[in-house]
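Me: I am new to this structure and would be grateful for a close look at a single part of it. Please begin with the part you consider a suitable way in, and then explain what surrounds it.

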Amino acid sequence: MTLFDKFFGLKAITLSAALSMTASLALAGDNNISASQIVDALKPKPVTRGLSVGPQADTTAQAKEAAFLNTVRNRSTRSLSTGEREQIAELAATKPKIDLEIQFDYNSADIAKTSVASVQALGKALSDPALKGSTFVIAGHTDAIGSEEYNQGLSERRADTIKKYLVQNYGLNGNDLVTVGYGKTKLKDAANGADPINRRVQVVNMDTKTAAK
């Protein structure tokens with residue numbers, strides 16, 4: 001074996017080891033969300049009121065939000081109108097939230113085995129004293145593949161699956177979990193509609209009154 005062959009062989013082994021390590025790190029990072037990360041993301045943030053917004057206006061806005069949320073509690077996800085879904089999205093826009101890349105079996109609402117750990121982390125987080133008792137929206141989203149009607153129904157079933165799992169396995173109050181499906185209407189990456197990043201479950205903490213200062 002020539003010196004060149006020995007050198008080339010050593011480089012090949014080194015490169016192979018590096019690629020193997022990189023692949024392992026990437027795999028280890030999959031579904032690596034922790035309960036503490038979810039808690040931190042969903043904790044109510046301090047609310048800074050403008051000079052023109054007084055306590056009375058703030059209280060009135062909270063009362064309107066609470067009244068609306070009460071109308072959608074314990075409602076079937078499929079019973080929500082387009083207007084109600086949009087109103088939920090509008091309220092959720094300013095609330096603490098987190099996108100979880102929870103995968104489901106193909107064309108199914110069954111949670112994929114690779115994503116069970118993420119759902120379990122969510123259950124632990126929502127059971128944390130820092131969050132327990134708040135009202136949460138669980139919103140299902142799909143990618144852009146398929147018809148609007150099909151994706152709408154699929155996103156609703158997937159949101160309902162997450163709620164059922166949390167209630168059954170973590171004893172969470174179903175009244176505090178509002179589910180909604182958006183199908184492919186709110187893509188995270190609209191330029192790449194088929195990207196898996198669009199297939200997600202967004203969790204929003206709707207109760208931020210305790211954070212007001």
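Reply: A suitable way in is helix 4, residues 82-92, which lies across strand 1, strand 2, strand 3 and strand 4. Its direction makes about 115° with that of strand 3. The part to examine is therefore the sheet formed by these 4 strands, in the order 1-4-2-3. The model is a predicted one, with an average pLDDT of 82 over the chain and a score of at least 70 for 77% of the residues.

The sheet is open and its pairing is mixed. Strand 1 and strand 3 (177-181) occupy the edges; each has a single partner strand, so each has one side without a neighbour in the sheet. From one strand to the next, the twist averages 20°. Strands of a sheet are held in pairs by backbone hydrogen bonds, in a parallel or an antiparallel sense.

Both senses can be followed from strand 2. With strand 4, strand 2 pairs in the antiparallel sense over 6 bridges, and one bridge joins H141 to R200 in strand 4. Helix 2 also packs on the sheet, where it touches strand 1, strand 2 and strand 4. The direction of helix 2 makes about 140° with that of strand 1. With strand 3, strand 2 pairs in the parallel sense over 5 bridges, and here F136 has L177 of strand 3 as its bridge partner.

Strand 3 deserves a closer look. Although strand 3 stands at an edge of the sheet, 5 of its 5 residues are buried, so the rest of the structure largely encloses it. L177, T179 and G181 point one way from the strand, while V178 and V180 point the other way. Such a pattern can be set beside a general rule: along a regular strand, side chains alternate between the two faces of the sheet.

The strands also contribute to what lies beneath the surface. The largest nonpolar core contains 24 residues, and L126 and I162 have the most contacts inside it. Two or more residues of this core come from each of helix 2 (35-42), strand 1 (97-100), helix 5 (116-126), strand 2 (136-141), helix 6 (148-170) and strand 4 (200-205). Helix 5 gives the most, namely 5 residues. Apart from this core lies another, of 15 residues, which include L69, V72, A139 and M206. In soluble globular proteins in general, nonpolar side chains tend to be buried together.

I162 shows how distant stretches of the chain come together. Neighbours within four places in sequence aside, I162 is in contact with I102, F104, I111, V119, L122, I138 and V201. Helix 5 offers a further view: S118, V119, A121, L122, G123, A125 and L126 are its buried residues. Their cover includes helix 2, helix 6, strand 1, strand 2, strand 3 and strand 4.

Leading into helix 5 from strand 1 is a loop that contains A109. Its relative accessibility is 15%, and the cut-off for a buried residue is under 20%, so A109 counts as buried. Beyond four places in sequence, A109 has contacts with F104, R157, R158 and T161. A109 and T161 are separated by 52 residues in sequence, yet their C-alpha atoms are 6.6 Å apart. Over the chain, 80% of the contacts with a separation of 6 or more link residues 24 or more positions apart.

A contrasting residue precedes helix 4. N74, in the loop between helix 3 (55-72) and helix 4, is exposed, with a relative accessible area of 55%. Its phi is positive, near 60°, although N74 is not a glycine; most residues other than glycine have a negative phi.

Taken as a whole, the chain has 6 helices and 4 strands, which run α-α-α-α-β-α-β-α-β-β from the N terminus on. Of its 213 residues, 37% are buried.

Two stretches call for caution. Residues 10-30 have a pLDDT under 50 and make 0 contacts beyond four places in sequence in the model. Residues 209-213 also stay under 50, but have 11 such contacts. Where pLDDT is low, predicted coordinates should not be read in detail.

Technical notes. Residues numbered from 1 in each chain as written. Heavy atoms only, no water. pLDDT = per-residue confidence, 0-100. Contact = heavy atoms within 4.5 Å. Core = buried A, V, L, I, M, F, W, Y, C linked by side-chain atoms within 4.5 Å. Buried < 20%, exposed > 50% of the residue type's maximum accessible area, 1.4 Å probe, protein only. Pairing = 2+ DSSP bridges. Axes fitted to C-alpha atoms, helices over the stretch in contact; angles between N-to-C directions.
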